[in-house]
Amino acid sequence: MIHLRENSPLYHLHEMQYAAISPLNFFANASKTFHSHPLSPLAYTEYGRHMAAAAEVMERVTHRYGKPAFGITHSTYKGARVDVTEEVVAQFPFCNLLHFKKAIPAKSAKQAKLLIVAPMSGHHSTLLRGTAIDLLPELDVYITDWKDARNVSLAHGEFTLEDYISYTIEFTRMIGPDVHMLAVCQPSVPVLVAASVMNERKDKDAPRSMTLIGGPIDTRVNPTKVNKMAEQKPLHWFESNVITRVPFNYPGFMRRVYPGFLQLSGFMQLNLDRHINAHKDLYKHLITGDGESASAHRKFYDEYLSVCDLPAEFYLDCIVQVFQKHLLPRGEFVYEGKKVKPELVTKTALLTLEGELDDISGVGQTEAAQHLCKSLPANMRRHYLQKGVGHYGIFNGRKFREHVVPIIVDFINKHDG
């Protein structure tokens with residue numbers, strides 16, 4: 001086992017690996033082009049199809065995936081197509097606040113404002129592109145676009161779980177009043193904390209509602225493999241094995257991070273057979289000319305394989321406070337020196353959503369928020385379990401679009417204004 005220390009060379013070795021395989025990626029791309037180009041006679045032969053397919057698979061396996069763009073250029077409003085402009089509302093050292101502004105008439109009916117709080121969990125916020133697209137027709141959508149920690153200079157200091165909560169509160173105030181929040185997975189905890197703090201302080205910008213999707217509110221309930229690993233390993237194990245420093249070729253040189261490539265490696269190993277089979281299927285789709293299936297594969301893995309680094313302080317805070325000590329459900333979570341009291345939430349309605357097959361946040365972990373916010377009356381709370389979906393399917397895909405989105409929109413509109 002490799003142990004990562006303060007001066008661990010693993011990140012540098014990772015960079016060297018990419019540099020070493022760059023020529024292979026280049027030649028794979030060249031081979032794919034040569035064997036599939038319309039002007040190449042080989043493109044129309046069985047040999048050419050096999051070579052082009054093999055070359056594309058090799059190219060994708062050796063490719064380095066950068067941050068994707070949201071690329072949301074249009075949506076609908078009352079059934080009509082409208083243009084969408086991506087606006088940067090605020091720029092903070094570790095996050096930008098984005099607004100997907102729809103080009104609708106000034107006198108149009110006001111839509112409820114929704115802040116999507118994206119996870120800082122190794123993938124870029126663009127992982128929620130589909131979530132935003134499906135909610136845009138009915139809501140005025142904002143999203144937190146967290147920055148890759150390796151690109152944030154040490155001059156900006158550390159970034160902790162408390163900082164994440166402070167960012168969430170600040171963004172809520174900037175968009176408010178009458179804003180609604182939606183958290184997917186990991187940010188369910190900081191969003192619940194932020195809402196609790198704002199309710200206790202009687203903040204006029206406290207969110208009208210919060211929607212928590214597949215989040216680890218109480219990982220003692222129906223723990224998953226991910227939960228068990230986080231709980232069983234001592235803190236020093238994580239500091240020694242998964243924390244390293246950013247190498248010199250990035251703006252965040254020497255920042256302590258949990259590297260995205262380690263997070264991706266962990267996710268891949270959870271379902272390694274499925275990922276291997278997916279790439280085998282890509283090869284078959286390319287040979288048979290199944291362009292639709294090949295395109296779906298590219299779309300998914302272009303996003304899935306694009307990862308970013310997490311600030312070490314934030315990552316370790318989550319491990320200890322959320323997964324090991326369970327501070328929030330035990331009533332021991334502290335923000336700015338005071339214990340957080342979800343039982344004081346009275347102005348923010350609560351919707352919790354879970355997926356029946358979720359292997360990241362087990363069934364019941366998100367619903368635990370309903371028991372913590374015990375002062376909310378029945379008409380200000382709802383829980384929903386979506387059958388037949390895993391972690392990803394509870395916030396993206398057909399079942400999310402057809403079954404979950406109407407529930408979210410109805411709940412938000414019911415508690416708006």
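Tutor: Before we look at any strands, note that two strands count as paired if DSSP finds at least two bridges between them. Please also keep in mind that the model shown above is predicted.

Student: With that in mind, which residue of β10 stands opposite Y258?
Tutor: Strand β9, which covers residues 256-258, pairs with β10 in the antiparallel sense, and two bridges join them, which satisfies the requirement of at least two. Y258 belongs to this pairing, and the residue of β10 that stands opposite Y258 is L310.

Student: Which strands stand at the edges of this open sheet, and why is one side of each left without a neighbour?
Tutor: The sheet is an open one of three strands, paired in the antiparallel sense, and their order is β8-β9-β10. Because a strand at the edge has a single partner strand, one side of it has no neighbour in the sheet, and this applies to β8 (244-245) and β10 (310-311).

Student: Where does V307 lie, and is V307 buried or exposed?
Tutor: V307 sits in the loop that runs between α10 (291-304) and β10. A residue counts as buried when its relative accessible area is under 20%, and the value for V307 is 15%, so V307 is buried.

Student: How far apart are the C-alpha atoms of V307 and S125?
Tutor: Along the chain these two residues are 182 residues apart. In the model, the separation between the C-alpha atoms of V307 and S125 is 10.0 Å.

Student: How many bridges join β2 to β3?
Tutor: Let us begin one strand earlier, where β1 (residues 74-77) and β2 (residues 80-92) run antiparallel and are joined by four bridges, with H74 opposite D83 in β2. These two strands form a hairpin with two residues between them, and in that turn K78 has a positive phi of about 55 degrees. A further hairpin of two residues leads from β2 to β3, and E86 stands opposite F100 in β3. The pairing of β2 with β3 (residues 95-102) is again antiparallel, and its number of bridges is eight.

Student: Which residues of β4 point the other way from K113, L115 and V117?
Tutor: In a regular strand, side chains alternate between the two faces of the sheet. Five of the five residues of β4 (residues 113-117) are buried, so the strand is largely enclosed by the rest of the structure. While K113, L115 and V117 point one way, the residues that point the other way are L114 and I116.

Student: In which sense do β4 and β5 pair, and which residue of β5 stands opposite L114?
Tutor: Four bridges connect β4 to β5 (residues 140-146), and the sense of this pairing is parallel. Within it, the residue of β5 that stands opposite L114 is V141.

Student: Which residues have the most contacts inside the largest nonpolar core?
Tutor: This core has 97 residues. Leaving aside residues up to four places away in sequence, L135 touches L114, I116, V141, L182, V405, I408 and V409. There is also a second, separate core of six residues, among them V246, Y250, V257 and F261. In the largest core, the residues with the most contacts are L135 and I408.

Student: How many of the 13 residues of α5 are buried?
Tutor: Helix α5 (residues 188-200) reaches 18 Å from its first C-alpha to its last, which is close to the 18 Å expected at 1.5 Å a residue, and just after the helix K202 takes a positive phi of about 55 degrees. The buried residues of α5 include P190, L192 and M198. The helix is largely enclosed by the rest of the structure, because the number of its residues that are buried is 12.

Student: How far apart are the end C-alpha atoms of helix α4?
Tutor: Helix α4 (residues 161-175) has 15 residues, among which Y164, Y167 and F171 are some of the buried ones. At 1.5 Å a residue the helix should span 21 Å, and this agrees with the distance between its end C-alpha atoms, which is 21 Å.

Student: What is the radius of gyration of the protein as a whole?
Tutor: The protein has 13 helices and 14 strands, and buried residues make up 54% of its 417 residues. The globule rule gives 22 Å for 417 residues, and the protein comes close to this, so it is as compact as a globular protein of that length, with a radius of gyration of 22 Å.

How values were computed
Residues numbered from 1 in each chain as written. Predicted model: local features only at pLDDT ≥ 70, side-chain atom pairs only at ≥ 80, totals over all residues. Heavy atoms only, no water. Core = buried A, V, L, I, M, F, W, Y, C linked by side-chain atoms within 4.5 Å. Buried < 20%, exposed > 50% of the residue type's maximum accessible area, 1.4 Å probe, protein only. Contact = heavy atoms within 4.5 Å. Rg over C-alpha atoms; globule rule 2.2 N^0.38 Å. Expected span 1.5 Å × (residues − 1).
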